[in-house]
Amino acid sequence: MSQSSNGQVPEMPASSPGPSFDVLVVGAGFAGMYLLYRLRKLGLSARVVEAGGGVGGTWYWNRYPGARCDVESMEYSYQFSEELQQDWVWTERYAAQPEILKYAEHVAERFDLRRDIQFETRIESAMFDEARGRWRIEARTGFGDGKADTIVFDAKYFVMATGCLSSANMPAIEGIGSFAGPTYHTGQWPHDGVDFTGQKVGVIGTGSSAVQSIPIIAAEANHLTVFQRTANFAVPAHNAPLDPNVQAQIKADYRDLRERAKKNRNGIQYVPNDVSALEATADERRAEFQFRWQRGGLSFTGSFNDLLLDKNANDLAGDFVRDKIRNIVDDPEVAELLCPKSVLGCKRLCADTGYYETYNRQNVLLVDISNNPISRIVAKGIMVADRTYEVDAIVFATGFDAMTGSLLKVDIRGRSGLSLREKWREGPKTYLGLAVAGFPNFFMVTGPGSPSVLTNMLPTIEQHVEWISDLIRDAETKNVATVEATGEAEDDWCAHVNDIADETLFPTCNSWYLGANIPGKPRVFMPYIGFPQYVERCEKIAAANYAGFAFSRG
Ligand SMILES: Cc1cc2nc3c(=O)[nH]c(=O)nc-3n(C[C@H](O)[C@H](O)[C@H](O)COP(=O)(O)OP(=O)(O)OC[C@H]3O[C@@H](n4cnc5c(N)ncnc54)[C@H](O)[C@@H]3O)c2cc1C
């Protein structure tokens with residue numbers, strides 16, 4: 001067994017741990033908040049540690065213009081409390097970031113969560129102390145004001161609820177530091193907003209955050225230059241105020257909507273069309289694609305049952321969207337650049353509001369960097385080959401080190417000092433995306449190998465949190481000292497995740513699902529495809545006394 005990155009077993013520090021809890025949870029997004037609620041119900045002592053200054057996670061950090069969910073608000077919300085889901089009133093079909101943050105704050109208030117959350121504190125390392133059967137977790141607090149302090153927590157269970165998209169990816173472009181103006185990352189947006197009025201702005205990236213922010217920045221700025229490496233598919237969101245009658249109808253039988261959603265691969269409620277695109281006639285295909293396009297949102301991939309299984313079927317959907325782009329965008333050369341060449345849906349599909357139309361504005365320029373990457377950033381702007389595009393501000397819409405980024409930023413060490421970074425050198429290995437062999441009493445919410453980013457994440461988070469807290473309850477009831485995934489169960493799970501992915505088109509493009517956006521990151525398809533199958537597996541495992549987990553008594 002590999003011990004640490006330098007091959008040595010690190011010594012357990014002699015200093016005695018500080019605050020002691022049954023469970024230490026990292027992250028106060030929707031996952032950490034709900035976990036705290038559940039753990040309290042079990043009568044366990046828990047502390048949530050959060051790097052940010054408030055709750056909400058994703059929605060605390062991503063305050064860029066246009067940030068909103070692309071799963072409908074009525075579904076992108078908790079369902080564990082009937083009173084909560086009845087009381088809360090959403091105002092738009094797809095809620096914007098301020099409304100989702102307000103919702104997270106309301107939940108924190110309603111369930112009195114803040115008293116067990118420690119903000120502005122970042123977990124830096126965690127080590128399992130085999131002699132004591134407990135985790136020793138080190139955190140830095142007060143960073144920002146220059147007076148950093150170290151706190152050491154002691155806990156029996158250690159849970160990373162650090163999110164799949166919480167580690168911002170800044171590309172290593174030469175000369176970034178020499179830029180004379182301000183730079184922003186969409187995932188770390190200033191809390192008091194940014195006014196681009198009268199400015200020349202450069203946006204680097206054309207993924208989801210770029211698709212949402214570009215129309216708004218273009219309308220505000222004097223000029224916008226967009227640097228595109230890969231064109232992405234976007235379908236219209238058709239966002240609109242939420243009709244109170246529709247909201248009331250859903251609330252009258254919320255359970256029904258939630259149950260229907262759970263039956264779909266991505267945990268989102270829509271009626272998939274169980275017909276092959278290849279067997280439909282050209283007219284039937286056009287009608288179905290048009291119907292989904294008109295309805296708006298991510299259910300477009302449910303137009304036919306083989307879009308993510310068969311490249312020929314997928315090309316038909318891709319052609320439909322490419323035709324739409326050519327119809328919307330006036331300049332044929334720009335339209336061609338915006339037409340994605342990849343498989344529709346194998347990179348995250350974007351839901352847009354006026355994205356393609358934005359390229360008809362006189363103040364917007366699209367720069368293709370697929371063959372000529374950005375060579376450097378200089379004081380006045382962004383250089384591609386020998387040409388400098390002058391800008392006053394740069395927006396990095398360059399996404400995240402997804403799924404493993406925030407986990408591996410923490411130096412986590414299990415039995416015999418085994419380092420998670422070392423264990424995952426060739427790619428993440430987990431059991432159910434929730435546990436790791438060699439790391440007792442350690443869990444992750446929406447870890448690699450779970451459905452997470454391929455689903456509506458709120459129900460996925462709830463399912464994980466309930467499953468993990470049920471397992472902890474079971475272990476505590478039986479007076480168990482440690483619970484830990486077995487190596488065999490982990491190997492089987494990883495093989496199963498890969499087998500399922502290999503039956504689809506998902507692994508065929510350079511997506512962040514594969515780690516392809518981060519130089520040097522191992523290419524492993526990380527999410528599990530199929531929410532209903534995943535839930536069924538988890539339930540069977542729990543019913544079989546948590547098969548695949550080893551329990552030890554103290
Ligand atoms: C712009 C954007 C739009 C999205 N839209 C959707 C959508 O429409 N539908 C959908 O299902 N999902 C969407 N997602 C995914 C979204 O991340 C999840 O839906 C959900 O909010 C994740 O909640 P979480 O609690 O698991 O993680 P997060 O919300 O990411 O929270 C994790 C928290 O952990 C903290 N943290 C991380 N590391 C440490 C550390 N070492 N020490 C202390 N604290 C730490 C972070 O500060 C963060 O607050 C979107 C993501 C982004 C970025």
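**Exercise 1. Identify the residue of β6 that is the bridge partner of serine 20, and describe the pairing of the strands around β6.**

Solution. In β6, serine 20 has aspartate 154 as its bridge partner. Helices (H or I, at least four residues) and strands (E, at least two) are DSSP runs numbered from the N terminus, and two strands pair if DSSP finds at least two bridges between them. The model is predicted: local features need pLDDT of at least 70, side-chain atom pairs count only at pLDDT 80 or more, and totals for chains, interfaces and linings use all residues. Residues are numbered from 1 along each chain as its sequence is written.

Step 1. Strand β1 (residues 20-26) runs parallel to strand β6 (residues 149-160), with six bridges between them.

Step 2. Strand β5 (residues 134-141) is antiparallel to β6 and is joined to it by seven bridges. Within this pair, isoleucine 137 is matched with phenylalanine 153 of β6, and arginine 140 with threonine 150 of β6.

Step 3. Strand β18 (residues 442-444) is parallel to β6, through three bridges. Here methionine 160 has methionine 444 of β18 as its partner.

**Exercise 2. Describe the hairpin of β4 and β5 and state how many residues of β5 are buried.**

Solution. Step 1. Eight bridges hold β4 and β5 in an antiparallel pair, in which phenylalanine 128 stands opposite tryptophan 135 of β5.

Step 2. Four residues lie between the two strands of the hairpin, and glycine 133 adopts a positive phi near 65°.

Step 3. Six of the eight residues of β5 are buried, so that the strand is mostly covered (buried means 20 or more other C-beta atoms within 10 Å of the residue's own, exposed 12 or fewer, partly exposed in between, with C-beta atoms placed from the backbone).

**Exercise 3. Determine which residues touch the most other members of the largest nonpolar core, and which contacts leucine 35 makes.**

Solution. Step 1. A nonpolar core is a set of buried Ala, Val, Leu, Ile, Met, Phe, Trp, Tyr and Cys residues joined through C-beta atoms within 7 Å. The largest one holds 154 residues, and Leu24, Val25, Met33, Leu35, Val159 and Val203 touch the most other members. At least three residues of this core come from each of domain 1 (20-167 + 402-546) and domain 2 (176-396); the bounds come from an automatic or database domain assignment.

Step 2. Beyond its neighbours within four places in sequence, leucine 35 is in contact with Val25, Val159, Ala161, Val445, Val465 and Ser469 (contact: C-beta atoms, placed from the backbone, within 7 Å).

**Exercise 4. Characterise the side of domain 1 that touches domain 2.**

Solution. Step 1. The domain centres, taken over C-alpha atoms, are 27 Å apart.

Step 2. Across the interface, 37 residues of domain 1 are in contact with 40 residues of domain 2. α3 (82-87), α14 and α16 (531-543) each give at least two residues to the domain 1 side, and α16 gives the largest share, three residues.

Step 3. By class, this side has 17 nonpolar, 14 polar and six charged residues (Ala, Val, Leu, Ile, Met, Phe, Trp, Tyr, Cys and Pro count as nonpolar, Asp, Glu, Lys and Arg as charged, and the others, Gly among them, as polar).

**Exercise 5. Explain why aspartate 474 counts as partly exposed, and locate it.**

Solution. Step 1. Aspartate 474 lies in helix α14.

Step 2. Aspartate 474 is classed as partly exposed because it has 16 C-beta neighbours inside 10 Å.

Step 3. Its C-alpha atom is 9.5 Å from that of tyrosine 546, although 72 residues separate the two along the chain.

Technical notes
Contact = placed C-beta atoms within 7 Å.
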